[in-house]
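Please open the model in your viewer, with a cartoon representation and residue labels at hand. The stops below each give a selection to make and then say what is found there.

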Amino acid sequence: MNKIFKKIMQYIFQIFFRKKVAIRDSWIVTPKKQRNMLEFLCWFDRTKSVVESISSGQVDWEHRFKRFKHFNSVTKGIALEIGFGGGRLLAHAAKDFDKVIGVDIHQNFAMSKKFLALNNITNYQLIKRSEMSGISPNSIDYVYSFIVFQHFDSFKEVKFYLDHIHRILTNDGVAHIYFGKNNSDGVEVTKDGKFYLRDCSLFINIKTMKSLIEENFKIISIKDKVVKDPVKNIGESVQSMIIFKRLD
Ligand SMILES: C[S@@+](CC[C@H](N)C(=O)[O-])C[C@H]1O[C@@H](n2cnc3c(N)ncnc32)[C@H](O)[C@@H]1O
């Protein structure tokens with residue numbers, strides 16, 4: 001009964017109080033003014049404390065990326081994180097790679113840097129989306145992204161990053177990308193007018209993603225169903241995932 005009441009209240013809250021906004025703008029602008037570390041980190045991934053953010057980052061880094069077979073054989077030179085947010089995953093990736101480059105569209109890199117400094121991480125570089133073309137061809141050993149592609153505002157954005165991944169991956173380099181799952185055919189994108197703050201907005205059917213990746217890459221692994229809680233091994237995530245290398 002309590003649960004049903006809570007659900008009804010949440011629904012009413014959503015109808016009346018959640019703001020409808022432009023998708024991309026919300027990711028660019030909202031974190032800009034945040035000066036409180038906990039609030040800043042919560043924007044990217046809800047957390048109860050700064051310490052919890054770093055430990056959830058460790059769980060995700062270990063279970064979502066490191067435990068996969070190919071990870072051991074990846075050269076641990078330079079990695080690229082697409083959508084690093086506060087930096088909770090980058091902080092752990094930086095312990096495994098010589099350097100991690102993070103790209104994001106948000107406008108508060110200063111707070112991400114502060115968070116990384118709190119965790120004694122120095123071997124990283126944060127870049128804007130417009131600086132992607134500054135990454136040298138054949139220079140990145142590993143590209144990873146978690147809970148980011150599901151927040152894009154267009155399928156064109158997926159192609160933008162895939163084109164760069166194809167250009168910057170080394171011959172043996174690997175990309176490991178999580179993306180919003182679409183149980184219907186093709187691609188679905190939420191229209192700006194129907195978007196509520198922090199919702200997922202881009203959903204791709206696994207077959208569509210497979211065909212797209214196969215145009216230029218060799219698939220190492222593809223999973224439609226991803227577990228929601230990787231520690232307890234329960235639930236189903238809203239994301240699917242794909243691991244791939246360059247064809248040539
Ligand atoms: C839910 S947060 C996840 C952050 C981080 N990956 C994590 O796991 O904590 C989504 C992130 O994607 C970023 N983002 C959204 N659209 C993007 C785009 N087009 N290019 C790069 N980053 C983007 C947002 O700014 C935000 O940092």
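The tour goes from a sheet to its helices, then to a helix pair and some single residues.

**The sheet**

Keep in mind throughout that this is a predicted model. Begin by selecting the strands of the open sheet, which has 7 strands in the order 3-2-1-4-5-11-8 and mixed pairing. Colour strand 3 (124-128) and strand 8 (217-223) separately: these stand at the edges, and because each has a single partner strand, one side of each is left without a neighbour in the sheet. On average, and with direction ignored, neighbouring strands of this sheet are turned by 15 degrees against each other.

**From strand 1 to strand 11**

Select next strand 1 (residues 78-82) together with strand 4 (residues 140-145), which pair in the parallel sense over 3 bridges; to find the register, label A79, which stands opposite Y142 in strand 4. Adding strand 5 (169-180) shows a further parallel pairing, in which strand 4 and strand 5 are joined over 5 bridges, and here V143 stands opposite A175 in strand 5. Between these two strands the chain passes through helix 7, and the β-α-β crossover that results is right-handed.

Is strand 5 mostly covered or mostly uncovered? Of its 12 residues, 9 are buried, so that strand 5 is mostly covered by the cut-off of 20 or more other C-beta atoms within 10 Å. Its pairing with strand 11 (239-246) is in the antiparallel sense and extends over 7 bridges, with S240 in strand 11 as the bridge partner of F179.

**Helices on the sheet**

Now show helix 7 (residues 155-168), which lies across strand 1, strand 4, strand 5 and strand 11 and runs at about 160 degrees to strand 5. Helix 8 (residues 206-214) also packs on the sheet, where it touches strand 5, strand 8 and strand 11, and its direction makes about 160 degrees with that of strand 8.

**A pair of helices**

Move on to helix 3 (residues 37-44) and helix 6 (residues 109-118), whose axes come within 11 Å and cross at roughly 105 degrees. Since angles of 65 to 115 degrees count as roughly perpendicular, that is how helix 3 and helix 6 are described. To see the contact, select M37, F40 and L41 in helix 3, which meet M111, K114 and F115 in helix 6; by class, this contact of helix 3 with helix 6 has 5 nonpolar, no polar and 1 charged residues.

**Single residues**

Select I54 in helix 4 (residues 50-66). Leaving aside residues up to four places away in sequence, I54 touches R88, A91 and N119, and a distance drawn from C-alpha to C-alpha puts I54 at 8.4 Å from H92, although the two are 38 residues apart in sequence. I54 counts as partly exposed because it has 19 C-beta neighbours inside 10 Å.

Finish with two loop residues and their backbone angles. Most residues other than glycine have a negative phi. N138, in the loop between strand 3 and strand 4, has instead a positive phi near 55 degrees, and I147, in the loop between strand 4 and helix 7, has a positive phi of about 45 degrees. Which of the classes, buried or exposed, does each belong to? With 11 C-beta neighbours inside 10 Å, N138 counts as exposed, whereas I147, with 20 such neighbours, counts as buried.

Note on methods. Residues are numbered from 1 along each chain as its sequence is written. This is a predicted model: local features need pLDDT of at least 70, side-chain atom pairs count only at pLDDT 80 or more; totals for chains, interfaces and linings use all residues. Two strands pair if DSSP finds at least two bridges between them. Helices (H or I, at least four residues) and strands (E, at least two) are DSSP runs, numbered from the N terminus. Axes are lines fitted to C-alpha atoms, for helices over the stretch in contact, and angles run from 0 to 180 degrees between N-to-C directions. Two residues are in contact if their C-beta atoms, placed from the backbone, lie within 7 Å. A crossover is right-handed if, with the strands pointing away from the viewer, the path from the first strand over the helix to the second runs clockwise. Angles under 35 degrees count as roughly parallel, over 145 as roughly antiparallel, 65 to 115 as roughly perpendicular and the rest as oblique. Ala, Val, Leu, Ile, Met, Phe, Trp, Tyr, Cys and Pro count as nonpolar, Asp, Glu, Lys and Arg as charged, and the others, Gly among them, as polar.
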